[in-house]
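Me: Hey, can you walk me through this structure? I'm new to this, so plain words please.

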Amino acid sequence: MNSGISLEHYLALGAVLFCIGIAGVLTRRNAIILFMSVELMLNSVNLTLVAFSSYLGNATGQILAFFVIAVAAAEVGVGLAIIITVFRNRHSINIDDVNIMKG
Amino acid sequence: MELQPTSIAFMILALVAIFSALMVITRANPVASVLWLVLNFFALAGFYVLLGAHFLAAVQIIVYAGAIMVLFLFVVMMLNLNRIGTLERSTLVLRTIGALVAGLLLIIVAYAVRSIQMTSNVSIGAMTSMGTAKEIGLSLFNRWMFPFEIIGVMLLAAVVGVVALAKRDSIPFTRRTTGAEQ
């Protein structure tokens, strides 16, 4: 038994960061801060993947985290372009103003 | 129970990560949120170094803290959100429900983490050379060759999509929508 940091610590930290991201998505109405909360959640999942990779002695988790970073980069690019388009049409990025598709 | 240096580093980084994450979702000014998120990304890069994933730590700082956050800051400043960012109509009910749902999820996930049967309770850390650029590159260009190429195609699609979306007056329905409102 040693006093080092085990896998459980990393999983717990990943869970806390993920839930902070969830709280951000649910409570904020600013579209850009919503995107930042999504980034927080993606990062917490990456942390979990890398922790499992280190625990299992297998590089697959790190490769998967690498792919997640690439997908997040593409997602941020497209998402911010959509925000710019919405801002041009509505002059607001409050997501309560973007309810046109609700009918 | 003596504390190892990595344990102290983990605790400091965990405090920084959680505090900066809370700051990201509570700041009214989007620029302040972006800067706290950069700090959060640096803390996560520190965790990757502790876990032996050196290549991923570098990618985290270059891609996330470098490229993605510059994109965020650029959009915030282009839309001049310092002025309108504070006009957030978030009600107390909404905040309560959001915090409640997040707290419940945290309880569920914490229960799941506690119930995992660990095969070994050893501390994990930078023991191997698994996370170096050489090892990751060898793995990426052998076993994960096809997904890596697909990522390239996906990034190309994203670039084309961003240019098509953000170019002024490039989409027909954009003009129609604004015309109908006036």
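Reply: Sure, we'll go through confidence, the contact between the chains, the core and a few residues. Keep in mind that this is a predicted model.

Me: OK, how confident is the predictor? What ipTM and pTM does the complex get?
Reply: The predictor gives the complex an ipTM of 0.90 and a pTM of 0.86.

Me: And what's the mean pLDDT of each chain?
Reply: Chain A averages a pLDDT of 87, with 95% of the residues scoring at least 70. For chain B the mean pLDDT is 83, and 80% of its residues reach 70 or more.

Me: Which elements of chain A have the lowest and the highest mean pLDDT?
Reply: Helix 3 of chain A has the lowest, at 90, and helix 2 of chain A has the highest, at 92.

Me: Where in chain B does pLDDT stay under 50?
Reply: Over residues 178-182 of chain B. The model has one contact beyond four places in sequence for that stretch.

Me: Now chain B in general. How many helices and strands does chain B have?
Reply: Chain B has eight helices and zero strands. From the N terminus on, the elements of chain B run α-α-α-α-α-α-α-α.

Me: What percentage of chain B is buried?
Reply: Buried residues make up 25% of the 182 residues in chain B. Also, take the contacts in chain B between residues at least 6 apart in sequence: 61% of them join residues at least 24 apart.

Me: Let's switch to where the chains touch. How many residues does the contact take from each chain?
Reply: The contact takes 61 residues from chain A and 78 residues from chain B. On the side of chain A that touches chain B, helix 1, helix 2 and helix 3 of chain A each supply at least two residues. The largest share of that side, 20 residues, comes from helix 3 of chain A.

Me: What classes of residue are on that side of chain A?
Reply: The side of chain A that touches chain B has 39 nonpolar, 17 polar and five charged residues.

Me: How do helix 3 of chain A and helix 3 of chain B cross?
Reply: Their axes come within 11 Å and cross at roughly 5 degrees. Because of that angle, helix 3 of chain A is roughly parallel to helix 3 of chain B.

Me: Which residues meet there?
Reply: From helix 3 of chain A, they include F66(A), I69(A) and V76(A), and from helix 3 of chain B, they include L56(B), Y64(B) and L71(B). By class, this helix contact has 16 nonpolar, two polar and no charged residues.

Me: And what about helix 2 of chain A and helix 2 of chain B?
Reply: Those axes come within 11 Å and cross at roughly 5 degrees, so helix 2 of chain A is roughly parallel to helix 2 of chain B. Among the residues that meet are I32(A), E39(A) and V50(A) in helix 2 of chain A, and F41(B) and Y48(B) in helix 2 of chain B. The classes here are 12 nonpolar, three polar and one charged.

Me: Which residues touch the most other members of the largest nonpolar core?
Reply: I32(A), V50(A), Y48(B) and L56(B), in a core of 68 residues. Helices from chain A and chain B supply at least two residues each, including helix 1 (7-27) of chain A and helix 6 (133-140) of chain B.

Me: What does V50(A) touch?
Reply: Leaving out residues up to four places away in sequence, V50(A) touches G61(A), Q62(A), A65(A), Y48(B), L51(B), A53(B) and L56(B).

Me: Is Y64(B) buried or exposed?
Reply: Y64(B) is buried, because 25 other C-beta atoms lie within 10 Å. Y64(B) sits in helix 3 of chain B, and its contacts beyond four places in sequence are I69(A), F41(B) and M69(B).

Me: Last one: what about M41(A)?
Reply: M41(A) is in helix 2 of chain A. M41(A) counts as partly exposed because it has 18 C-beta neighbours inside 10 Å. Leaving aside neighbours within four places in sequence, M41(A) is in contact with F18(A), G21(A) and I22(A). The C-alpha atoms of M41(A) and C19(A) are separated by 7.7 Å, though these residues are 22 residues apart along the chain.

Key:
Residues numbered from 1 in each chain as written. Chains lettered and ligands numbered in written order. Predicted model: local features only at pLDDT ≥ 70, side-chain atom pairs only at ≥ 80, totals over all residues. Core = buried A, V, L, I, M, F, W, Y, C linked by C-beta atoms within 7 Å. Buried ≥ 20, exposed ≤ 12 C-beta atoms within 10 Å, placed from the backbone. Helix = DSSP H or I, 4+ residues; strand = E, 2+ residues; numbered from the N terminus. Contact = placed C-beta atoms within 7 Å. Nonpolar A, V, L, I, M, F, W, Y, C, P; charged D, E, K, R; others polar. pLDDT = per-residue confidence, 0-100. Axes fitted to C-alpha atoms, helices over the stretch in contact; angles between N-to-C directions. Parallel < 35°, antiparallel > 145°, perpendicular 65-115°, else oblique.
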